[in-house]
Amino acid sequence: VTEVTLGCGDALVVASDGLTPVPEQAVALAARAATSAEAAARWLVDAALAARTTDNVTVVVARETGTR
């Protein structure tokens, strides 16, 4: 178990190895630029499937919005 502190605007991506065909830069861009964490996760799954991943794909994206 690893504890991570996110700052406002940060995103955390946790994914299965099915996401491997998607370049790290694309993962980072999706996590930052998508309109929501859900949109980022959906885009990443679609990108892995488009890249013809040979494994199952699971993606979770969490964002710190700073609104508490």
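This is a tutorial dialogue on how to read a predicted model of one protein.

Me: Before any detail, how many helices and strands should I look for, and in what order do they come?

Reply: Since this is a predicted model, read each feature as part of a prediction. The secondary structure comes to two helices and two strands, and from the N terminus on the elements run β-α-α-β.

Me: What does the radius of gyration say about the overall form of the protein?

Reply: The idea is to set the value beside the one expected for a compact globule with this number of residues. For 68 residues that expected value is near 11 Å, and the protein has 12 Å, which agrees. Along its principal axes, the C-alpha trace spans about 40 × 30 × 20 Å.

Me: How many of the residues count as buried, and what makes up the accessible surface?

Reply: Of the 68 residues, 26% count as buried. The accessible surface comes to about 4,900 Å², and 54% of that belongs to carbon and sulfur atoms.

Me: What share of the contacts joins residues far apart along the chain?

Reply: Among the contacts with a separation of 6 or more, 68% are accounted for by residues 24 or more positions apart. One pair to look at in space is V61 and A31, which are 30 residues apart along the chain, while their C-alpha atoms are separated by 7.1 Å. A second pair to look at is G7 and A50, 43 residues apart in sequence and 32 Å apart in space, C-alpha to C-alpha. For Q25 and G66, which are 41 residues apart along the chain, the C-alpha separation is 24 Å.

Me: Which residues have the most contacts inside the largest nonpolar core?

Reply: In soluble globular proteins, nonpolar side chains tend to be buried together. Here the largest nonpolar core has 14 residues, and those with the most contacts inside it are L19, V22, V27, L44, A48, V59 and V61. The elements that give two or more residues to this core are α1 (24–33), α2 (37–50) and β2 (59–63), with the largest share, five residues, coming from α2.

Me: Which residues are in contact with V22 and with V61, leaving aside neighbours within four places in sequence?

Reply: With those neighbours left aside, V22 is in contact with V27, L44, A47 and A48. V61, which has its place in strand β2, is in contact with L12, V13, A37, A40, A41 and L44 when its own neighbours are left aside in that way. V61 is buried, because its relative accessible area is 11%, and the cut-off for that word is under 20%.

Me: Where is V60 found, and is V60 buried or partly exposed?

Reply: V60 is found in strand β2, and at 48% relative accessibility V60 counts as partly exposed. Together with L12 and V14, V60 forms a nonpolar patch on the surface, and the accessible area of these residues together is about 240 Å².

Me: How many salt bridges does a search of the whole structure find, and which residues form a salt bridge?

Reply: Side chains of opposite charge can pair when their charged atoms come close. A search of the whole structure finds one salt bridge, formed by E38 with R42, where the closest N and O atoms are 2.9 Å apart. Both residues lie in helix α2, four residues apart, which is about one turn of the helix. R42 is exposed, with a relative accessible area of 54%.

Me: Is E64 buried or exposed, and what does E64 touch?

Reply: E64, found in the segment after β2, counts as buried at 17% relative accessibility. Not counting residues up to four places away in sequence, E64 touches L6, G7, C8, G9 and D10. Of these, G7 lies in the segment before β1 (11–15) and is partly exposed, with a relative accessible area of 28%.

Me: Which residue has a positive phi although it is not a glycine?

Reply: Most residues other than glycine have a negative phi. In this model, R52 has a positive phi of about 60° although it is not a glycine. R52 has its place in the loop between α2 and β2, and R52 is exposed, with a relative accessible area of 69%.

Methods: Residues numbered from 1 in each chain as written. Predicted model: local features only at pLDDT ≥ 70, side-chain atom pairs only at ≥ 80, totals over all residues. Heavy atoms only, no water. Core = buried A, V, L, I, M, F, W, Y, C linked by side-chain atoms within 4.5 Å. Buried < 20%, exposed > 50% of the residue type's maximum accessible area, 1.4 Å probe, protein only. Contact = heavy atoms within 4.5 Å. Salt bridge = Lys/Arg side-chain N within 4 Å of Asp/Glu carboxyl O. Rg over C-alpha atoms; globule rule 2.2 N^0.38 Å. Areas by Shrake-Rupley, 256 points an atom, 1.4 Å probe, with all protein chains shown as cover. Patch = residues over 30% accessible without salt bridge, like charges linked within 9 Å, V, L, I, M, F, W, Y side chains within 5 Å.
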